[in-house]
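Biologist: Can you put the model up and take me through some of its surface?

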Amino acid sequence: SLKYGELEEKTQELIINEKMVALGRLAAGIAHEINNPLSFISTECSMLKEDFNKIITNGTFNKEFNLEKTTSKVERRFERFSEGIMRIDKIIKSLRSFSEMDRSKFFEYDVNGSLEAILTLLESEIKKSTKIEKKFEQNLKKIFCYGEIINQVFYNILLNANQAVIE
């Protein structure tokens with residue numbers, strides 16, 4: 001039989017292992033979420049290069065292409081670049097706000113902003129059939145608490161709720 005000290009040690013090891021598994025899943029999800037807009041941007045860059053090759057052939061202006069149509073395509077590509085970059089920026093900001101909190105500090109905590117960041121981090125985990133309705137209290141004041149602990153609670157509740165959804 002295990003002694004109390006050994007049992008406590010094994011319990012701590014299990015907790016650490018669970019946290020590492022959760023961290024691995026979160027990292028994989030974030031990598032996936034960042035890779036999607038990066039792939040999109042990469043594809044758009046290739047298409048943009050093709051558009052410019054249509055405009056200039058052998059170093060001279062190609063008179064046989066439709067300038068208006070190509071200009072419109074180029075504008076749309078730049079809009080898509082911007083969307084992809086904004087998506088990556090949102091993911092990075094969410095990750096930063098989620099990870100920069102100090103577990104031992106009691107501070108002013110933005111519930112709405114934190115929930116938004118957590119939902120962004122969980123996007124790759126959320127089942128396609130699941131619809132998230134965000135109804136945040138617009139005038140919700142910040143609260144003083146241990147923000148990292150509250151973030152972990154919200155993260156686990158949302159992740160568990162998603163896993164409990166029957167497809």
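Modeller: What follows is a short chat about a nonpolar patch and its aromatic rings.
Modeller: This is a predicted model, where local features need pLDDT of at least 70, side-chain atom pairs count only at pLDDT 80 or more, and totals for chains, interfaces and linings use all residues. Residues are numbered from 1 along each chain as its sequence is written, and side-chain values use heavy atoms, with hydrogens and water left out.

Biologist: Which residues make the nonpolar surface patch?
Modeller: F106, F144, Y146, I149, V153 and I157 make the patch, which covers about 590 Å².

Biologist: Which helix gives the largest share?
Modeller: Helix 4, residues 147-164, with three residues.

Biologist: Where is F106 found?
Modeller: F106 sits in the loop between helix 2 (67-99) and strand 3 (107-109).

Biologist: Why does F106 count as exposed?
Modeller: Because its relative accessibility is 52%, and exposed means over 50%, buried under 20% and partly exposed in between, with a 1.4 Å probe and protein chains only.

Biologist: Now the rings. How many aromatic pairs are there?
Modeller: The count is three. Rings of Phe, Tyr and Trp (its six-membered ring) pair if their centres lie within 6.5 Å; planes under 30 degrees apart are stacked, over 60 edge-to-face, the rest tilted.
Modeller: F106 and F144 are stacked, at 6.5 Å centre to centre with 20° between the planes. F144 lies in strand 4 (residues 143-145), so this pair ties together parts 38 residues apart in sequence.

Biologist: What about F106 and Y146?
Modeller: Their centres are 5.2 Å apart and their planes at 70°, so that pair is edge-to-face.

Methods
Patch = residues over 30% accessible without salt bridge, like charges linked within 9 Å, V, L, I, M, F, W, Y side chains within 5 Å. Areas by Shrake-Rupley, 256 points an atom, 1.4 Å probe, with all protein chains shown as cover. Salt bridge = Lys/Arg side-chain N within 4 Å of Asp/Glu carboxyl O. Helix = DSSP H or I, 4+ residues; strand = E, 2+ residues; numbered from the N terminus.
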